[in-house]
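User: Could you take a close look at one part of this protein for me? I'd like to hear about the sheet, with a word on what else stands out.

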Amino acid sequence: MIKLTLGEESYTCLPEESVLDTLIRAEVDISYACKKGTCHSCIARSVNHAPPEVAQKGLKATQKQQNYFLACQCYPERDMQIKLPDQSEIFSQGKVILNEMLNHNTLLLKIECQDIQEYFAGQFVNLQRDDGLIRSYSIANVPQQDGILEFHIRRLPDGKFSEWLHDEIRIGDNIAVSEPHGHCFYIPERAEQGLLLVGTGTGLAPLAGILEDALKQGHTGPVKLFHGSSTVEDLYRVDELREFARKYTNFSYFPCVSSEHVPEGYVAGRADKVALAHMDDWKGWRVFLCGHPDMVSSMKIEAFMKGVSMGDIFTDAFVTAAS
């Protein structure tokens with residue numbers, strides 16, 4: 001008999017029984033609807049090994065990479081340790097090793113967390129304060145052997161968490177870090193495919209990680225990054241990205257400024273509008289959109305309408321907490 005382990009509990013999967021049927025029989029609270037692999041309500045993740053390929057049919061490549069599967073379509077061939085999306089968050093202890101300003105309102109925060117070695121640049125984690133307050137931030141660097149995670153934190157007006165990070169956090173302080181989440185990251189396939197990256201504000205954080213990951217893994221197709229803000233002062237890492245463009249001939253960088261005064265060397269206009277005006281043929285491109293939710297939503301529709309496959313559009317909308 002095959003054993004399914006979920007948290008501290010184990011269940012026996014009967015012959016010709018799916019993971020979903022096993023959990024329903026055991027009265028486990030799992031979401032499901034069609035039981036045909038169409039609605040994706042019963043999505044789960046295999047913790048210890050890759051699930052059967054048929055159980056991943058219809059999922060994005062980024063989901064497959066993280067061993068997500070559809071419980072209704074999974075007929076396990078060996079013991080599985082599984083996790084459901086709504087299980088309680090697990091936090092590890094991290095230590096602040098760097099906090100310095102990238103510009104007048106954006107903090108570069110580096111946290112050492114040895115328990116988090118496996119992640120993809122562009123995913124996000126939840127950071128938790130001692131009083132239980134939690135906020136989500138995208139990882140801006142590729143995986144490091146030293147367990148260091150990099151974040152770009154913008155100070156938000158009356159933002160309890162961002163102001164605490166800007167004003168009170170110190171090197172050596174401990175902070176709780178969740179396991180990585182999200183599907184907005186680079187998969188090393190179709191190396192000749194064009195990559196379009198569009199971001200606003202600290203939406204550059206996940207895009208910077210995705211960019212570095214793609215170029216270091218030898219992506220050969222054109223890579224275009226449009227990063228925008230209202231003023232030049234709100235942009236950051238401009239010189240570093242321009243150096244990247246000089247180093248990698250297939251990479252183009254467009255720092256976009258939407259205010260009236262646009263200095264030489266910058267592009268006038270919102271990043272999404274500049275990208276739309278610049279791109280001619282969209283078919284076959286992979287698109288990453290990060291930052292303001294309105295921009296992400298409208299640009300996702302535009303990219304799809306211009307011929308980009310929905311499976312090739314990856315998004316990370318930065319939703320501001322109420323307090």
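Analyst: Here's a walk through the sheet, followed by a helix and a cavity. Keep in mind that this is a predicted model.

Let's start with the sheet. It is an open one built from six strands, and going across it you meet β9, β8, β11, β6, β7 and β10 in that order. The pairing is antiparallel. The two edge positions go to β9 (134-138) and β10 (148-154); each has a single partner strand, so one side of each is left without a neighbour in the sheet. Neighbouring strands aren't lined up straight, either: on average they are turned by 40 degrees against each other, direction ignored.

Zoom in on the β9 edge. Its partner there is β8 (residues 124-128), and the two pair in the antiparallel sense over five bridges. If you want a spot to click on, L127 has R135 of β9 as its bridge partner.

Now for the helix, α4 (residues 204-216). Its end C-alpha atoms are 18 Å apart, which agrees with the 18 Å that 13 residues should span at 1.5 Å a residue. Of those 13 residues, 12 are buried, so α4 is largely enclosed by the rest of the structure. The buried set includes L204, P206, I210 and L211, but also E212 and D213. After α4 comes G218, with a positive phi near 80 degrees.

Last, the empty space. There is one cavity of 30 Å³ or more, and the volume of the largest is about 30 Å³. Its lining is made up of T106, R154, G201, T202, S229, D234 and Y236, which divide into one nonpolar, four polar and two charged residues.

Notes. Residues are numbered from 1 along each chain as its sequence is written. This is a predicted model: local features need pLDDT of at least 70, side-chain atom pairs count only at pLDDT 80 or more; totals for chains, interfaces and linings use all residues. Side-chain values use heavy atoms; hydrogens and water are left out. Two strands pair if DSSP finds at least two bridges between them. Helices (H or I, at least four residues) and strands (E, at least two) are DSSP runs, numbered from the N terminus. Axes are lines fitted to C-alpha atoms, for helices over the stretch in contact, and angles run from 0 to 180 degrees between N-to-C directions. On a 1 Å grid over the protein atoms alone, a cavity is a set of points where a 1.4 Å probe fits but cannot get out, and a pocket is an open set with protein on both sides within 12 Å along at least five of seven lines; lining residues have an atom within 4 Å of a point. Grid points are joined across faces, edges and corners, and a volume is the space filled by probe spheres set on the points. Ala, Val, Leu, Ile, Met, Phe, Trp, Tyr, Cys and Pro count as nonpolar, Asp, Glu, Lys and Arg as charged, and the others, Gly among them, as polar. The expected span of a helix is 1.5 Å times one less than its number of residues. Buried means under 20% relative accessible area, exposed over 50%, partly exposed in between (1.4 Å probe, protein chains only).
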